[in-house]
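Dear colleague,

I am passing on a structure that you have not seen before, and it is shown just below. After it you will find my notes on what turned up, arranged by topic.

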Amino acid sequence: MELVLFHMPGSRAERVRWMLDELGLDYRLENIDLFKGEGQGEAYLAIHPLGQLPALKVDDDVMIESGAIVQWLAESVPDSGLAPAPGEPARRAFDQWMYFAATSLEDPAWEMMLHSRILPAEQAVADIVPFAEQRYRRVLGVLEATLRDSEYLVAGRFSAADIMTGYILAWFPELLAGFPALQAYLARLQQRPAYPRAAA
Ligand SMILES: N[C@@H](CCC(=O)N[C@@H](CS)C(=O)NCC(=O)O)C(=O)O
């Protein structure tokens, strides 16, 4: 199976790179510089119709959406234990935290990111940031309570749900002050050899 990951350091493609490295799979990186507009070039739009990262080419097929890709990769190596099989009791928690990371956690974090660090001043709406931060802190509280008694989100062992979550937590490490279980959790994830060091 030939795998090509369309990637830029720091982008959501890091989730996929992290999973590929956890699984020890061979792949090629194709760098797309979003800041130079390469995402919206004709060549890349033929790969990803929104011009976003990541995209993973699997032989002649292309898959988009970081969460779906990470999950599919974990399931394609069942012995990895990085995704409980459908039907296993732990699968409920797995599905829950995968979606939680991609929606409840990522949405407010992305609003903060867009309006405080990415959009040019004339497009950024500064008033969005404190409200998004408030929502983000509530979500962090939920994760903190879950991780107080458990090293990882699903059945006490590392899984794709931790990749989805840890990648977002690394965007604003300063907001983890006051959430000691989350600080320890992120540090634990960052110690893994496969953790993508450019993600922060
Ligand atoms: N839900 C998508 C979001 C992809 C996404 O927004 N990627 C960003 C980079 S982290 C991007 O490509 N932004 C450029 C754009 O939207 O034009 C996923 O998780 O794959």
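**Charged pairs, a helix pair and a loop**

Asp-95 counts as partly exposed, because its relative accessibility is 28%. Please keep in mind throughout that this is a predicted model. The partner of Asp-95 is Arg-91, with which Asp-95 forms a salt bridge whose closest N and O atoms are 3.0 Å apart. Because Asp-95 and Arg-91 are 4 residues apart in helix α4, about one helical turn separates them. Arg-91, for its part, has a relative accessible area of 10% and is therefore buried, since buried means under 20%.

That pair is part of a wider search, which finds 11 salt bridges in the whole structure. In general, side chains of opposite charge can pair when their charged atoms come close.

A second salt bridge brings together the side chains of Arg-12 and Glu-106, at 2.8 Å from N to O. This pair links distant parts of the chain, as Arg-12 sits in the loop between β1 (3–7) and α1 while Glu-106 belongs to helix α4, 94 residues apart. Both Arg-12 and Glu-106 are buried, and for Glu-106 the assignment follows because its relative accessibility is 10%. The side chains of Glu-106 and Arg-12 are also joined by a polar contact of 2.8 Å.

What else does Glu-106 touch, leaving aside residues up to four places away in sequence? Besides Arg-12, Glu-106 touches Arg-15, Phe-100, Ala-101 and Ile-168.

A third salt bridge joins Asp-33 and Lys-36, and here the closest N and O atoms are 4.0 Å apart. Lys-36 counts as exposed, because its relative accessibility is 65%, and exposed means over 50%.

**Helix α3 and its surroundings**

Helix α3 covers residues 66–76, and its buried residues are Ser-66, Gly-67, Ile-69, Val-70, Gln-71, Leu-73 and Ala-74. Which elements cover the buried residues of α3? The cover includes the helices α1 (13–23), α4 (90–118) and α6 (160–169), together with β3 (55–58) and β4 (61–64).

Of these neighbours, α4 can be described in further detail, since α3 and α4 pack with their axes 11 Å apart and at an angle of about 150°. The two helices are therefore roughly antiparallel, as angles over 145 degrees count in that way. On the α3 side the contact is made by Gly-67, Val-70, Gln-71 and Glu-75, and on the α4 side by Arg-91, Phe-94 and Met-98. Sorted by character, the residues of this contact divide into 3 nonpolar, 2 polar and 2 charged. Arg-91 thus appears in two places in these notes, in the contact with α3 and in the salt bridge with Asp-95.

**The loop after α4**

Asp-127 lies in the loop between α4 and α5 (128–147). Is Asp-127 buried or exposed? Asp-127 counts as exposed, because its relative accessibility is 67%. The C-alpha atoms of Asp-127 and Ser-116 are separated by 10.0 Å, with the two residues 11 apart along the chain.

With best regards

Methods:
Residues numbered from 1 in each chain as written. Predicted model: local features only at pLDDT ≥ 70, side-chain atom pairs only at ≥ 80, totals over all residues. Heavy atoms only, no water. Buried < 20%, exposed > 50% of the residue type's maximum accessible area, 1.4 Å probe, protein only. Contact = heavy atoms within 4.5 Å. Polar contact = N/O pair within 3.5 Å; in protein donor to acceptor, adjacent residues only side chain to side chain. Axes fitted to C-alpha atoms, helices over the stretch in contact; angles between N-to-C directions. Parallel < 35°, antiparallel > 145°, perpendicular 65-115°, else oblique. Nonpolar A, V, L, I, M, F, W, Y, C, P; charged D, E, K, R; others polar.
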